[in-house]
Every structure is written in structure tokens, then in C-alpha cells.
Amino acid sequence: MKDFEKDMAWFKREIKGIITTTQEKKEAPDGIWNKCPECKKPLHYSEQVENQYVCHYCGYHLRIGSKEYFSVLFDNNEFTELFTDLRSGDPLHFEDTKKYTDRIKETTKKTGLTDAIRAGHGKIEGQDLVIACMDFNFIGGSMGSVVGEKIARSIDYSIKNRIPFLMISKSGGARMMEAAFSLMQMAKTSAKLALLSQAKIPYISLLTDPTTGGVTASYAMLGDINIAEPGALIGFAGPRVIKETIKKDLPKGFQTAEFVQEHGFLDFIVDRREMKERLASFIKMLAPPAP
């Protein structure tokens, strides 16, 4: 009976030590918990890192940026970041709801990024690799002049040092604030990739969710090996635009990585947890000849 009364006292919070005042309550820090967009189950940050940002319940690949991809792929997360001094200009003096220059400043402050791409040179299972990775958080991963220039310089760096090049695409397409300057990056990067091919240096393209617009229409689909993550959205125009154009219902799973692979535009779909091992094996197979 005494044990029962003691238990009830705890239940009613009558015993000292279990009463928490409002002032003493602590909120969980932002970013500690996340919810899987697919199965809606809660994911702790440490579990996400351990499982390489893949939901361990349903296998959904969470959207991540260059910081996370570099940590997943580079050995011990050790790399030298390249071309950090490039910044977007405002050649058209563009303004919509706000000035383009103000939008750049705000996005930089919010994300800590200088543009929608970062490039780095490191090792993957002991093999040298240059990675250029896009960040969707920076104006939708849009391809502007800085993105094109960083890719071009990364390719030049790969040619000079005879190091394989990996491009990780994640983009909504060309950046409208730079208009034709943005569209020119499609031809510029494609021409640079032709030089990389002539030098017989491997180019691996990794398409992640989402890869759309001018990015898909240029460097994202030009790899010696084209890889995608499971379930990634890959396409040029959006499904709504295509449906309205052809006046027909679209097939189930249209523009998913699986659909794109089935129709011959992808070589492999690779789980992120196996990505480093698979990339290392591809690099070993495609190793450039000695100069």
C-alpha cells in the first residue's frame, strides 16, 4: 500500500524533485530533430549523420548541401576548398520584389554560402578527386555566372593536375536574375567538359533531388558515368508544363531517377550509404593514364 501511495505521489507530482517550473523548462535546440518527408517519423540529428542523411525507417534520401556531401565523401572530411573568392555581380541591375544584390546579401547571411556551389579537392578512399557540389538553399541552387565559372575552373584544375572530376547537381535551373549570362553557362561548362574528355580524365555526374532546367540540359547529363540517388526528381521542364503542352496524363513516377534510368538517361542509381565505395571503384576503373 505504501509503495502504491509513493507511486501515486510521483504520478501526481507531489514529491520534490520532479516538479519543473515554466522558467526551468528547456526547449530542444533547433536542428536536433527532423521529420522524414516520406514516412513522417522523427529523426534525431545524430541518427541522420550516422546514416548519412538517409531515413533509417523508409530509406528516403534527405536533401543535403555541399557541407554534408563533402563530409560523406571526402576521407575524414579533409579537403581544400577551391575558388572561394568568386562572387555574383549584377550585370542587368535586376530587381523584382527586391534588388538582386540585396537578395544575394540576404541569402549569403542566411546560409553562410557565397553562391550556389562549392568546390573542393580531397581524397576518396585514398584517391584524389575534385568535387563541385551545388547547394539548393542558395536561391534554389540556380545556375548563375559564379556557378558556371567555378565548374569551369574546377575542370581546368582537374586537367592541370590530372585528377577525376565529380559534379553533384542539385538545382532548379538557370538563374533568371542573370538572364542570358546564366544561359551562357550551359555552353561554357559543356565546352570545358569536352576538354576534360580530350584529356582522358574521368567525369562522374551525380544527380540529386532536384536536378532540373538548364543544369539537366547541360553538364548534369554529360558524365562518363551518370549516377542518381534513389527517388531524385530529374527533368528539364516541370511535369505541369509538360502535361499542358502534350495534353496527356503523365506516366506514374514520371521524372523520378528510376523512370529516367529506365529510359536510358542514367547508368546507375546508388544509395547514398554506398556512394563513397561505388565512386571510389568507378574512379579506380577510369583512372587517367600517366602523362
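Start with the second largest pocket of this predicted model, which has a volume of about 220 Å³. Select Ile234, Gly235, Phe236, Val260 and Phe265: of the 13 residues that line this pocket, these lie nearest its centre. Now colour the lining by class. You'll get nine nonpolar and four polar residues, and no charged ones.

Next, hop over to the largest pocket, where about 560 Å³ of space is waiting for you. Pick out Arg63, Ile64, Gly65, Glu68 and Asn137, the closest to its centre among the 22 residues of the lining. Keep the class colours on here: the lining of the largest pocket shows seven charged residues, along with eight polar and seven nonpolar.

Which element gives the most to that lining? Select α3, which puts in four residues; in the sequence, α3 covers 66–73. Then add β1 (33–35) and α2 (45–50) to your selection, since these elements, like α3, each supply at least two residues of the lining of the largest pocket.

Now zoom out and switch to cartoon for the whole chain. Scroll through the secondary structure and you'll go past ten helices and nine strands. Show the surface next: the chain exposes about 16,300 Å², with 54% of that supplied by carbon and sulfur atoms. As for what's tucked away, buried residues make up 42% of the 291 in the chain.

Last stop: contacts. Take those in the chain with a separation of 6 or more, and 67% of them turn out to be between residues 24 or more positions apart.

Key: Residues are numbered from 1 along each chain as its sequence is written. This is a predicted model: local features need pLDDT of at least 70, side-chain atom pairs count only at pLDDT 80 or more; totals for chains, interfaces and linings use all residues. Side-chain values use heavy atoms; hydrogens and water are left out. On a 1 Å grid over the protein atoms alone, a cavity is a set of points where a 1.4 Å probe fits but cannot get out, and a pocket is an open set with protein on both sides within 12 Å along at least five of seven lines; lining residues have an atom within 4 Å of a point. Grid points are joined across faces, edges and corners, and a volume is the space filled by probe spheres set on the points. Ala, Val, Leu, Ile, Met, Phe, Trp, Tyr, Cys and Pro count as nonpolar, Asp, Glu, Lys and Arg as charged, and the others, Gly among them, as polar. Buried means under 20% relative accessible area, exposed over 50%, partly exposed in between (1.4 Å probe, protein chains only). Contact means heavy atoms within 4.5 Å. Accessible areas come from the Shrake-Rupley method with a 1.4 Å probe; for residues, only the protein chains shown count as cover.
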